[in-house]
Amino acid sequence: QVQLVEAGGGLVQAGGSLRLSCAASGRFDSINGMSWYRQAPGKQRELVAAISSAGSTNYAESVKGRFTISRDNAKNTAYLQMNSLKPEDTATYYCNAAVITLAPLRYLERWGQGTLVTVSS
């Protein structure tokens, strides 16, 4: 029904940049919130950044000033621009989307497959 496809992960040196993308496809009327989570080995999955349908954003304290979340509603795609990357940012990054359908009214949460970001020192 609804799928999220992520891209953009890879290996980068400390101080470098990457841009992740998350494209939603399937049957839905709208996407409410979109967000990025990450999970490093031995750690819990944490919320990195979120953006509402109106464009309001929230960030984890550890990435404020370095990461920027955005969305292109025409493409049903969210992005995460990651600058000044640190080794501590190394993790698998997952896209999450809250999807709305009407008639009947439904609220669905979907996850992407994850994309690995490795920051070397």
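## A four-stranded sheet, a loop aspartate and a busy arginine

The structure holds 1 aromatic pair. Keep in mind that what you have on screen is a predicted model.

Rings also turn up in another role here, with arginine 45 as the partner. This arginine lies over the face of tyrosine 94, at 3.8 Å from the ring centre. The charged end of arginine 45 also sits over the ring of tryptophan 111, with 4.9 Å to the centre of that ring.

Now for the sheet. It's an open one, built from 4 strands in the order E1-E3-E8-E7, and the pairing is antiparallel. At the edges you'll find strand E1 (2-7) and E7, each of which pairs on one side only. On average, neighbouring strands of this sheet are turned by 15° against each other, ignoring direction.

Here's how the strands line up, pair by pair:

| Strand pair | Sense | Bridges | An example of bridge partners |
|---|---|---|---|
| E1 and E3 | antiparallel | 6 bridges | leucine 4 and alanine 24 |
| E3 and E8 | antiparallel | 6 bridges | serine 21 and tyrosine 79 |
| E7 and E8 | antiparallel | 6 bridges | threonine 68 and glutamine 81 |

Strand E8 (residues 77-82) deserves a closer look. How much of this strand is buried? Of the 6 residues in E8, 5 are buried, so the strand is largely enclosed by the rest of the structure. The cut-off behind that call is under 20% relative accessible area. In the sheet order, E8 comes between E3 and E7. The link from E7 to E8 is a hairpin with 4 residues between the strands, and in this hairpin asparagine 76 takes a positive phi near 50°.

Next, the loop that follows E3. Aspartate 29 is found there, between E3 and strand E4 (30-39). Is this aspartate buried, exposed or partly exposed? Its relative accessibility comes out at 49%, so aspartate 29 counts as partly exposed; the exposed class begins over 50%.

What does aspartate 29 touch, once residues up to four places away in sequence are set aside? The list reads Ile100, Thr101 and Leu102. With leucine 102 there's a polar detail too: the aspartate 29 side chain reaches the backbone nitrogen of leucine 102 at 2.6 Å. Alanine 49 is another story: this residue is 20 residues from aspartate 29 along the chain, and 23 Å separate the two C-alpha atoms.

How values were computed
Residues numbered from 1 in each chain as written. Predicted model: local features only at pLDDT ≥ 70, side-chain atom pairs only at ≥ 80, totals over all residues. Heavy atoms only, no water. Buried < 20%, exposed > 50% of the residue type's maximum accessible area, 1.4 Å probe, protein only. Helix = DSSP H or I, 4+ residues; strand = E, 2+ residues; numbered from the N terminus. Pairing = 2+ DSSP bridges. Contact = heavy atoms within 4.5 Å. Polar contact = N/O pair within 3.5 Å; in protein donor to acceptor, adjacent residues only side chain to side chain. Phe/Tyr/Trp six-rings, centres within 6.5 Å; stacked < 30°, edge-to-face > 60°. Lys NZ or Arg CZ within 6 Å of the ring centre and 35° of its normal. Axes fitted to C-alpha atoms, helices over the stretch in contact; angles between N-to-C directions.
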